Amino acid sequence: MTTREEHERAAATGDVEAMHDFGQFLERSTPPDIPGALDWYGRAAASGHRCAMNDLGRLAEAENPPDLKSAREWYERGAIAGDATAMYNMAGLLADRTTPPDPAGARPWYERAASAQYQDAYFKLAYLLAERLDPPDPAAARKWYEKAAEHGDAVAMYNIGQLYRYTLQPNDPVAARHWYERAAADGYTNAKFTLGLMSEAGNDVPDALLWYEKAAADGHAGAMNNLGTLLEVKVDKPNLPAATEWYERAALADNPNAKTNLTRLRGDGDAAPAGPSVERTVLPDRVVRATGGIPPKSGADSSGIGAALDALVEDTPYRHNPFRLAGLQTDADSRQVRKRVTELEAAEKLGAALTRTTALAVSPAPDAADVKAALNRLREPVNRLVQELFWLWPCTDDDPALAALFRDDTAAAEQIWLDRMGQDAIAAHNIAVLRHIQGLETSRGQAAETWLDALTAWGSAVGADAVWNRLRDRASRIDDRRLDTAAVDELRGALPAMLLRIQAALIVNATAEDDFAAADLHITVLDRFADQVETHPGGFDAGAIDDARGWAVRKLAARLKSIADEAHRAGSQRPAEAAQAVHRMLDRARVPLRVIDRLRPPTDPLGAGAHDDIVGTAIVCDIQHYNEVRDIASSVAMLERLGPIATTTAIRDRLAKEWSAAATLQVDKLCAEARSSTEANKKQGLQAARDLLDRTRLPLARIRAGEDPGGERIARAQDHIATTATSCAVSYCNDTGDLESTEQVLHRIQPLPVGGETRTFVQEQIAVLAGMLGERNAAARLRNTCWFCQDRPATQGQHYPFGLHRDVTYSGNTKRWRTLTVEVPRCDRCRQLHLPDETKRRQLGTAVTLASVGAFFSLIFGFAVHPLFVITAICVIVAIGAGIAKLSLGTDGVENRAMTYPPLTELLGQGWRKGERPA
């Protein structure tokens, strides 16, 4: 590493690069030497070093207040000299730091920086073009976003999706989705959430669930709320407990929609009760400031101070305070204590009521035995000193505030101490005790302001030497070798943690009663007090507050471990009831987990471990339950509830694998139900196939999410679905002949098969169906197209009738046969063309028939009357002439064409003969 001296010697030689390097060294040293850096940057810039010009602009912009004029001059000089960073900074100055902003002026500088391959400029230029210019230039913005995306900028990918979806015309949701998916693959949370929104808008609930889960795992509160909505109302089987738990997580992240949904589901039961309106009266700038250093908390407890403080927290600091119960002042000597004990013993023997008035009397009033027991604890010197600390001290010999308290005039005493606490640390100590008692024992404890007043006053007391000098004096008067200066310092060092632990204990106790609102109140107190300590340090520090949070989390984690162990034992002993044990565990864990999430971020190992314990136990119990009863629906409902709880990557991966296993079993069950439904009623087969395809989309997505693409499990599941759905659809088709509907379903099935045997089976069914549809469509086209012109549609009622007969039988002089008329399709125009020939043939046929009949009858009667032979001869001549005329018309082309009509040809091949009657 180059030393300062070496840098300075190199710069002194006049080397421009060395001057710039020395400036950088001075700027980055500890502490930074900004004047020195400016000097050497200036020398380098004067010699034409363009990076030094940019650095001078950067330091001018960072001044307090910023020197934007100088910054602009130096950036511009560096940019003109060709420094891409200076171009970029010049653009940023114009776009964001000038008043008013000048995006149009920033554009050419961003363009120059981007053209110089300055990668950060790609996104900034694109954003400027899309969002800040008037009018915007979305096409150019897309180009630069794509450049940024090429370098892995996930936000740029997302913004391209936004352009395609909303801005570029025409809108292209397919392209938008492509870019959203790229951004999501690079971990951009908003892209995952947007994909969930798009899927939900398209009624693709399975896809929406998975995208929302990915966004929720990143902490997206909107995704958590939307998961709740899907599980409440949009999935096949709504899961209200799981929905509620997602709403709760979203509400913890301050999502207003989730809070509304929780109120809708359960009213205001989870909200904090309306407490009293309390104003802050102890503000950090109105109390005595710290006058001495606070000793660190000691790890050892040689004096017993730590044990005494721990006992006080467990027993509540004030309710059993002997000075409070006995009505004694803290400086009471042993004679006064003995006197009070004697009075109590006498009252106890006589059965008389206690008559001595006390300040801030306890309710309900203690009996004589309780007061006597408290006073007896004063015999232990360490305990006495601690008890004195947690009671009121006189500020003067005749303290009017204490006198007011004994008259039960708390307001007057409070005002006296509030007026004095800016100068008198003892008054601040007394206000701390008073506010603490009000918080612990009155309705004022429902207001965070009461607790903040107490902690602020205690902070003043902890930091004020006057308080501890008095306590040292009291320790010397107690006259016990354990109560030396070191013991008092130990008490002073331990007190902040102990006071904060009271707050933490309130959180734990409220959680044990499932009172989230109360726990949240005390967490809010810690949050606000931490913010206060950051700006007004005193007797407390941020580390002590964080330790209190950690103490509460450890207590809650231990409780959760106990709850999980209980559920595990119940599941192991009675596997058939393991599901109920899991749901009881999840119900009992809800509030503790929410409180932990309020106390610590999701990355906290202790809190995450508590979440993992619950999820891991639930998974183990679910496996036991399924192996016993084979109830996959119960497993799915339980896994849905685990989603909001799983916080670490490891446990989410484990949950995904359990989802994969459960989804496989779910697919098997749905396939069996589809087959059973079809076997019971084949007409339901097509709907069974559709339902199967719809209802297995989410299980398939779960299986894919839980294993590598191309895994054996997903292949088996897809093949099972494809085979089952195809069989159901084919059964329906065979029963109803509904080819079109069946074809639609088979095409939905076609992408599913993975195995060769299943693909072959599905393809064969599709091929058979396609052949049947082809034949039917060809027949329909034959029926609906004029056979004669092969062009125009056939006209209803204008067909060409072609008579057929067969099966001629004789019975004596009676001849019988079967007839059939085939309607050859014909259009109206062809009918008109055929009409003249058909009329002539019909007329001549009629003449032949009449003449033949006349000849026949004339011949019969002619044997009796010879002149009738003349008539016979005439009829014969007419018949012969009409027949010759008919034959002279030639072959009937219409009839011949009709005889080539495929259905007619087929009938003729089957033995039918031309003509409606035999010759």
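**Briefing: one sheet and two helix pairs**

Strand β1 (residues 800-811) pairs with β3 in the antiparallel sense, over two bridges. The model is predicted. β1 and β3 belong to an open sheet of three strands, ordered β2-β1-β3, with antiparallel pairing. Two helix pairs are also covered below: α17 with α27, and α6 with α7.

**The sheet**

- β2 (814-824) and β3 (913-914) are the edge strands, each with a single partner strand, so one side of each has no neighbour in the sheet.
- Strands of a sheet pair through backbone hydrogen bonds, in a parallel or an antiparallel way.
- Between β1 and β2 the pairing is antiparallel and runs over ten bridges.
- T809 stands opposite R816 of β2.
- On the β3 side, H805 has R913 as its bridge partner.
- β1 and β2 form a hairpin, with two residues between the strands.
- G812 sits in that turn and has a positive phi of about 70°.
- Helix α42 (residues 902-909) lies across β1, β2 and β3. Its direction is at about 15° to β1.

**Helices α17 and α27**

- α17 spans residues 305-315 and α27 spans residues 485-512.
- The two pack at an angle of about 25°, and their axes are 9 Å apart.
- Angles under 35 degrees count as roughly parallel. α17 and α27 are therefore roughly parallel to each other.
- Their crossing is right-handed.
- α17 contributes I305, G306, L309, D310, L312 and V313 to the contact.
- These meet A487, E490, L491, A494, M498, R501 and I502 of α27.
- By class, the contact of α17 with α27 has nine nonpolar, one polar and three charged residues.

**Helices α6 and α7**

- α6 covers residues 84-97, and α7 covers residues 103-115.
- They pack at an angle of about 160°, with axes 8 Å apart.
- Angles over 145 degrees count as roughly antiparallel. That makes α6 roughly antiparallel to α7.
- The crossing of α6 and α7 is left-handed.
- From α6, the contact residues are A84, M87, Y88, M90, A91, G92, L94 and A95.
- From α7, they are G105, A106, W109, Y110, R112 and A113.
- Sorted by class, the contact of α6 with α7 has eleven nonpolar, two polar and one charged residues.

Methods:
Residues are numbered from 1 along each chain as its sequence is written. This is a predicted model: local features need pLDDT of at least 70, side-chain atom pairs count only at pLDDT 80 or more; totals for chains, interfaces and linings use all residues. Side-chain values use heavy atoms; hydrogens and water are left out. Axes are lines fitted to C-alpha atoms, for helices over the stretch in contact, and angles run from 0 to 180 degrees between N-to-C directions. Helices (H or I, at least four residues) and strands (E, at least two) are DSSP runs, numbered from the N terminus. Angles under 35 degrees count as roughly parallel, over 145 as roughly antiparallel, 65 to 115 as roughly perpendicular and the rest as oblique. A crossing is left-handed if the near helix is turned anticlockwise from the far one by less than a right angle, and right-handed if clockwise. Contact means heavy atoms within 4.5 Å. Ala, Val, Leu, Ile, Met, Phe, Trp, Tyr, Cys and Pro count as nonpolar, Asp, Glu, Lys and Arg as charged, and the others, Gly among them, as polar. Two strands pair if DSSP finds at least two bridges between them.
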